[in-house]
Every structure is written in structure tokens, then in C-alpha cells.
Amino acid sequence: MENILSEQEVQQLRAETRGTTKTIHFNNAGSSLHPDVVVDTVIDYLYEEAQNGGYETEYTYREELENTYNLIARLINARKDEIAIVENASIGWWFAFNGIDFKPGDEIITCEMEYVTNLIGLLHAKKTLGVEFKVIPNDDQGNFRLQALEDAISDRTKLIAVTHIPSTAGGMIPVAEIGKIARRHNILYLLDACQSVGHVPLDVQAIGCDMLAVTGRKYLRAPRGTGFLYVRKEIQDKLKLFFLDGFTTHWVTETDFKPRNDARRFEVYEKSRALTLGLGKAVEYALNIGVDRTWQRVQYLAGLLREKLKNINGVTVLDFGDELCGIVTFSVDGMEAATVKNKLAEKHINVSVGKAVSTLIYMNKNKLGNIVRASVHYYNTEEEIDTLYGVLEELVRVSV
């Protein structure tokens, strides 16, 4: 994959990210380093709030706060009235999933890469509502089997719920092709894009999903405690609401009320306006660079890292599938993942431990325990990868 960002651009992006001077950060699938402008936006807003009052500051910034919805809509090719701002992808996913009017005997189809929180939701629906769910396993090469999905659909299938990029693997699933199948069979389609937005270009029109749940802190480089939910306009009235306040309703009388006529019916009113502005600034930052361009660089760096790791005896790269992303997973012979993480941290290199429970079905199928996860972003460099390679090589040599 071509490295489409010039060296000058990369250095400028790093100069706009204070954290790159402190550490080598390969934990972008956990939480990316924020651009300085995002940090400054949040802090400046809080200062103004402290000086002028919360509601007064919100009024001053009302246009910028409103524009956050426009920016998110641009990012995923949606309509502004299809966006709800929430705290994270799990909250968004649960708002969407629990809004579906499941009946006993209804079926849900999912993938082996489904995230643990979503799996808990499926199990909870099975226990409490009598809903069944089917898992589509990947093939021997690690690819999602579209024909198996087609074959699993029955007249009781109510929802297809899948995770685009898993927490503990470098593979991806073909979300647009899944969307075509869902639309052809008129089945609701819920996509967990927690690791995807800011990582790969996403277009909800091309994907064909009805609902999309997103976290801000990962590849989007927004503050923690931010995210959003996309709900296609045509299905908003079909989803139940299980939290209502004066913000989520359009009008209220002493005897009745009506929900808002947009996706903000799935929000709550009281949330951090500073973080909302930070989320908007992070989206704007990503749009200005171009996710299509940063995606090419992420693929380039991840491919380089995988090739480097494969050259270390005692290190096993664990990513499967024809299309791989910026998450690189591996194990070190005779060494716990947490030990590897801690040893790298001593050298100011951040990686994370991919927990087996996070993608339980996939990890159990492949007999994997906790693994090391190194996730690259566009502001990482070839030199940082060389440093990681050198430290790992020495770590393996010493441990033998």
C-alpha cells in the first residue's frame, strides 16, 4: 500500500500532536493521541464555562455545537437529523439494539468478531425475550462468509448485527456486501463501527446500514467520553425509546408528548458541551486531512509492522483475512501479553493487551488467550516501527 502522506505532512501532523514528543503510541485502537487543537478546544471551553457560567457559555457557542452534527454527517455521508451524540459506541449500540421490538422466536445474525458488550446484549435478549442468535464463522482464511449469511436468513430473522473491525484482530468484514443482503431481505442492520470511523472511510449510504455506533476516542482522535449514533431517518419511528426527557421530546402537554422528529431523540440532554466541541473539532481535523488518505498511510504502516514482526523468531503475527486494518496482533513465545506490554512501556512504547473476552467467539475458535495489540495511526512513523522492532527483538533474545 502506497504511503500517500508526504514526510513533510507527517511531521506537521506530529508537530500538532504534543504526545508524539513523549511516547511512541501504538495504542490507537484503545485511545489515540489527541491533536493539540482538540485539547485546546476542550480546555478553552471549560475556562469560559468557569468564568461565564455553563448555560451562558453554551449559548455563546451554540452555532459551533450545532455544527458538530453537520461535521459528523459529512464524515459518514449521512443527514444531520440522523445523528445523535452519545458517550461511546456501546451506549449508542445499546440505544439502538434495545429500541428494536423483539418478540420471542425472533432471530439475530451476528459474526464471530462481535465485541463482548454486544455479545452480552445478544445473550441478555435471549434470556429475557426469547430471541435466538446465529453466529456466522469466518472461513479458514479468516474471511467473513457472505453465502453463509445468506443461507442463515429465515423468515424469523429480524436483525443483522456485526462489528466492522474487531477489538483483538487485524481483520475486517465486508460491511457493504452485508448491507446489500440486509436490504434485499428487508432486515434491520446494526453496525458497530467503534474501531472504524477515522480509521477507514465510511459511507453509510454505500454500506446500507440502518444504525451505526461510533466511539470518538479511538481512530477519530476525539476526547474520551464522546461518540455518536447514526439512525437512518426511515427507521427512527420504528425504534422504542427507553429514556425520555424534555430534550428528547418535541412537545409536552399535561396529557401527552411526542418524541423529537430526529435522531436526537436517542440522546440525553445533560452531557459535556466541552467534549461535544472537542468531538466536532476532531471530526473537522479528520475531514481536513481526508480519511481516504490517512487510511492508505495506516495500511502502509500496519503492513510494514507485520513484515517486521514476522522476521523475529519467537513472535507470531495473529491477523487473518484478505483485508487487514491498522490493528496488528501478535504473541511472544513464553511471555504473557501483559509482560510484553509492560516491558515495552519501560521504553516509552505504548501497546495494549487484547483480552480474549473482548472478542470471545473468535478467540475461543482460534484457541487464543490474551494477545499483544499494536495499533498504528497516520501520525506514527517508520522510525517508531523500527524502534518497536528493535526492542521486541532484544526482549525475545534475552528471554530465550
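Visitor: What is the N to O distance where the side chains of Arg-232 and Glu-234 meet in a salt bridge?

Guide: This is a predicted model, in which local features need pLDDT of at least 70, side-chain atom pairs count only at pLDDT 80 or more, and totals for chains, interfaces and linings use all residues. Residues are numbered from 1 along each chain as its sequence is written, and side-chain values use heavy atoms, with hydrogens and water left out. A salt bridge is a side-chain nitrogen of Lys or Arg within 4 Å of a carboxyl oxygen of Asp or Glu. For Arg-232 and Glu-234, the N to O distance is 3.4 Å.

Visitor: Is Arg-232 buried or exposed?

Guide: Residues are sorted by relative accessible area: buried is under 20%, exposed is over 50%, and partly exposed lies in between (1.4 Å probe, protein chains only). Because the relative accessible area of Arg-232 is 18%, this residue is classed as buried.

Visitor: Which residue forms a salt bridge with Asp-101?

Guide: Asp-101 itself is partly exposed, at 33% relative accessibility. Its partner is also partly exposed, with a relative accessible area of 43%. The closest N and O atoms of the pair are 3.3 Å apart, and the partner is Lys-103.

Visitor: Why are Glu-307 and Lys-310 separated by about one helical turn?

Guide: The side chains of Glu-307 and Lys-310 meet in a salt bridge of 3.7 Å, N to O. Glu-307 is partly exposed at 47% relative accessibility, whereas Lys-310 is exposed at 51%. The separation is about one helical turn because, in helix α11 (residues 291–310; helices are DSSP runs of H or I, at least four residues, numbered from the N terminus), Glu-307 and Lys-310 are three residues apart.

Visitor: How many salt bridges does a search of the whole structure find?

Guide: Some of these pairs are joined further: Arg-18, Asp-36 and Asp-40 are linked in a network of salt bridges. A search of the whole structure gives a total of 27.

Visitor: Which residues touch the most other members of the largest nonpolar core?

Guide: A nonpolar core is a set of buried Ala, Val, Leu, Ile, Met, Phe, Trp, Tyr and Cys residues joined through side-chain atoms within 4.5 Å. The largest core has 90 residues, and a second, separate core of 27 residues includes Phe-102 and Leu-188. Leu-392 has contacts (heavy atoms within 4.5 Å) with residues including Leu-309, Phe-330 and Val-340. Those touching the most other members of the largest core are Tyr-189, Leu-212 and Leu-392.

Terms used. Helices (H or I, at least four residues) and strands (E, at least two) are DSSP runs, numbered from the N terminus. Lists of a residue's contacts leave out its neighbours within four places in sequence.
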